[in-house]
Amino acid sequence: AYCRLIQNGLRIRYRCCRQDKLMCEQCGRRGKLTVYRCHVGLSEAILPIEVDGKLIGYGMLGQFRTIEAPLAETAAEWKRAGMDEATLVQAFREQPLYDREAQDNMLALFSMLVPYIVSRDFVRVRRAQLVERVLSWLEDHLAESVELEEVADAMGRSRSAVSHALKRQLGMSFKQLAI
């Protein structure tokens, strides 16, 4: 609820997607569990998933609270947008709070559970989702002025399919995302 509140209130879902992508890349390079605090103050964990020695994706666990109050930067941005700080604080405090021992136990379970699921062949390899591929393509072409038609061609999909997927998953149009 806290993430949705901020993503919708400040219209910053793209930041979450970008940070998730960067942290997955870091996790892939490290080849082990990566725990971090996201840009709005919640903790998340990422574990690389390998099948036959090949990285096929990531298991993600989050968002959980390890601090008492929202980050000062987040609260300041929330106030600048004209939003009620009490609403933000209440949503933040509704997230589960884990002390160090509880967090360590949760992460240990997560670290055992993901490899178990993979070892039991419960994981199937599939193509990256359209929106993820669009976001990645846009990041690779940040310096360019791009049109929906160009991205749709690069994805092998229609303009309508790309546009609807972005609206459905990110709540924004292609033009808003490109800006």
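Leaving aside neighbours within four places in sequence, which residues is Val40 in contact with? The legends below take up this question and others in a predicted model.

**Figure 1. Val40 and its contacts from elsewhere in the sequence.** Here is the reply to our opening question: once neighbours within four places in sequence are set aside, Val40 is in contact with Tyr2, Ile6, Ile12, Leu71, Thr74 and Phe92.

**Figure 2. The largest nonpolar core.** This core has 20 residues, and those touching the most other members are Tyr2, Ile6, Val40, Leu42, Ile46 and Leu88. Two or more residues come from each of helix H1 (2-10), H2, helix H3 (72-80) and helix H4 (85-94). H1 gives the largest share, 4 residues. Another core lies apart from this one; it has 19 residues, among them Leu135, Leu148, Val151 and Val162.

**Figure 3. Helix H8 and its buried side.** Helix H8 runs over residues 159-170, 12 residues in total, and reaches 16 Å from its first C-alpha to its last, close to the 16 Å expected at 1.5 Å a residue. Val162, Ala165, Leu166 and Leu170 are the residues to look for here, as they are buried. Why do they lie on the same side of H8? They cover an arc of only 100° around the axis, and so they share that side. Among the elements covering these buried residues are helix H2 (13-30), helix H6 (130-140), helix H7 (148-155) and helix H9 (174-178).

**Figure 4. The other face of H8, and the residue that follows the helix.** Turn to the face away from the buried side of H8, and you will find the exposed residues His164 and Arg168. Just after H8 comes Gly171, a residue worth a look in your backbone torsion plot: Gly171 takes a positive phi of about 75°.

**Figure 5. Cys3 and Cys38, two cysteines without a bond between them.** How many disulfides does the model have? The count comes to 0, with a disulfide taken as a pair of cysteine sulfur atoms within 2.5 Å. For Cys3, the closest cysteine sulfur is that of Cys38, and the separation of 5.8 Å is too far for a bond. Seen from the other end, the sulfur of Cys38 has its closest cysteine sulfur in Cys3, again at 5.8 Å. Are these two cysteines buried or exposed? Cys3 is buried, with a relative accessible area of 18%, and Cys38 also counts as buried, at 6% relative accessibility.

Methods
Residues are numbered from 1 along each chain as its sequence is written. This is a predicted model: local features need pLDDT of at least 70, side-chain atom pairs count only at pLDDT 80 or more; totals for chains, interfaces and linings use all residues. Side-chain values use heavy atoms; hydrogens and water are left out. The expected span of a helix is 1.5 Å times one less than its number of residues. Buried means under 20% relative accessible area, exposed over 50%, partly exposed in between (1.4 Å probe, protein chains only). The arc is that of the directions from the helix axis to the C-beta atoms. Contact means heavy atoms within 4.5 Å. A nonpolar core is a set of buried Ala, Val, Leu, Ile, Met, Phe, Trp, Tyr and Cys residues joined through side-chain atoms within 4.5 Å.
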